[in-house]
Amino acid sequence: MVCAGVRILWLLLLAASPAQVNASGRLIIRFISYRNDDGEGSNGQCCDGRSIFCESQGGCDHYFIVSADSHFGNKSACSYGSVQTGVTRDRKYITFGDNIGGTSNPMVLEFNKWTGGVKIHIDVYDDDSNNDDHVDSISTIYRGPPGQFENLLTAEARTSLSLGVQVICDLNYYGDDCTHYCQGDYSEAEGRYTCED
Ligand SMILES: [Ca+2]
Ligand SMILES: [Ca+2]
């Protein structure tokens, strides 16, 4: 997988220069709710069961593979990383709490430079004992600078996911791309922290 390759590259970079490479910010993705009205997979069949009547809730055991990409045209680049959630069993409709089948919600992806936007791509599957069924592939784009507030978005195709996105720079990192490092001294005269540059 390309995503795995990116991660391995980063590990090599980190190993090569341990004092130089730090995360400068975080992309925070919070799942709010998800709806799969038909309780079906992308093949048009009930998530579980093959009769004309779906099981209650379709038998859908949803889990989500989230990839966050700074390059909107190439979803496989996966620049900000990816997360696979745990499973929520037997639900067509999910209201997410702070835990998605063992995965912390919100999910936090660290980055070294914010590029001004992100394409968030989500592959949805129904967990089975073998050959999980594909349910949907949905994505949304967020553009904006780092800030204090969560932005609400909807990723929608046949099914729909509501999510919140926030971008924050780490402590002492500033600027629209979170790469300006400043650990300045507090200036009594100016009433604020100052930096050399
Ligand atoms: Ca299934
Ligand atoms: Ca299932």
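Is N131 buried or exposed? N131 is exposed, because 6 other C-beta atoms lie within 10 Å, and a residue counts as exposed at 12 or fewer. The structure described here is a predicted model. This briefing covers an open sheet, a nonpolar core and some backbone features.

**The open sheet**

- An open sheet is built from 4 strands in the order β3-β2-β8-β9, and the pairing is antiparallel.
- Two edge strands, β3 (81-84) and β9 (133-143), each pair on one side only.
- From one strand to the next, the twist averages 15°.
- In general, the strands of a sheet pair through backbone hydrogen bonds, in either a parallel or an antiparallel manner.
- Strand β2, which covers residues 62-69, pairs with β3 in the antiparallel sense over 4 bridges.
- Within this part of the sheet, V66 stands opposite V83 in β3.

**The nonpolar core**

- The largest nonpolar core holds 33 residues.
- The members that touch the most other members of this core are L27, I29, V66, A68, I120, I122 and L161.
- At least two residues of the core come from each of the strands β1 (25-35), β2, β7, β8, β9 and β11 (160-169).
- One of the core residues named above, I122, touches F64, I65, V66, I138, S139, A155 and L161, when residues up to four places away in sequence are left out.
- V66 therefore appears in two roles: V66 stands opposite V83 in β3, and V66 is also among the core members that touch the most others, where a core is defined as a set of buried nonpolar residues joined through C-beta atoms within 7 Å.

**Residues with positive phi**

- N131 has a phi near 50°, which is a positive value in a residue other than glycine.
- The position of N131 is in the loop between β8 (117-126) and β9.
- C178 also has a positive phi in a residue other than glycine, with a value near 65°.
- C178 lies in the loop between β12 (173-174) and β13 (180-181).
- C178 counts as buried because 22 C-beta neighbours lie inside 10 Å, whereas N131 is exposed, with 6 other C-beta atoms within 10 Å.

**A cis peptide bond**

- N105 and P106 are joined by a cis peptide bond, with omega at about 10°.
- P106 of this bond is found in the loop between β6 (103-104) and β7 (107-111).
- The strand that follows this loop, β7, is one of those that supply at least two residues of the largest nonpolar core.

Notes: Residues are numbered from 1 along each chain as its sequence is written. Chains are lettered from A and ligands numbered from 1 in the order in which they are written. This is a predicted model: local features need pLDDT of at least 70, side-chain atom pairs count only at pLDDT 80 or more; totals for chains, interfaces and linings use all residues. Two strands pair if DSSP finds at least two bridges between them. Axes are lines fitted to C-alpha atoms, for helices over the stretch in contact, and angles run from 0 to 180 degrees between N-to-C directions. A residue is buried if 20 or more other C-beta atoms lie within 10 Å of its own, exposed if 12 or fewer, and partly exposed in between; C-beta atoms are placed from the backbone. Two residues are in contact if their C-beta atoms, placed from the backbone, lie within 7 Å.
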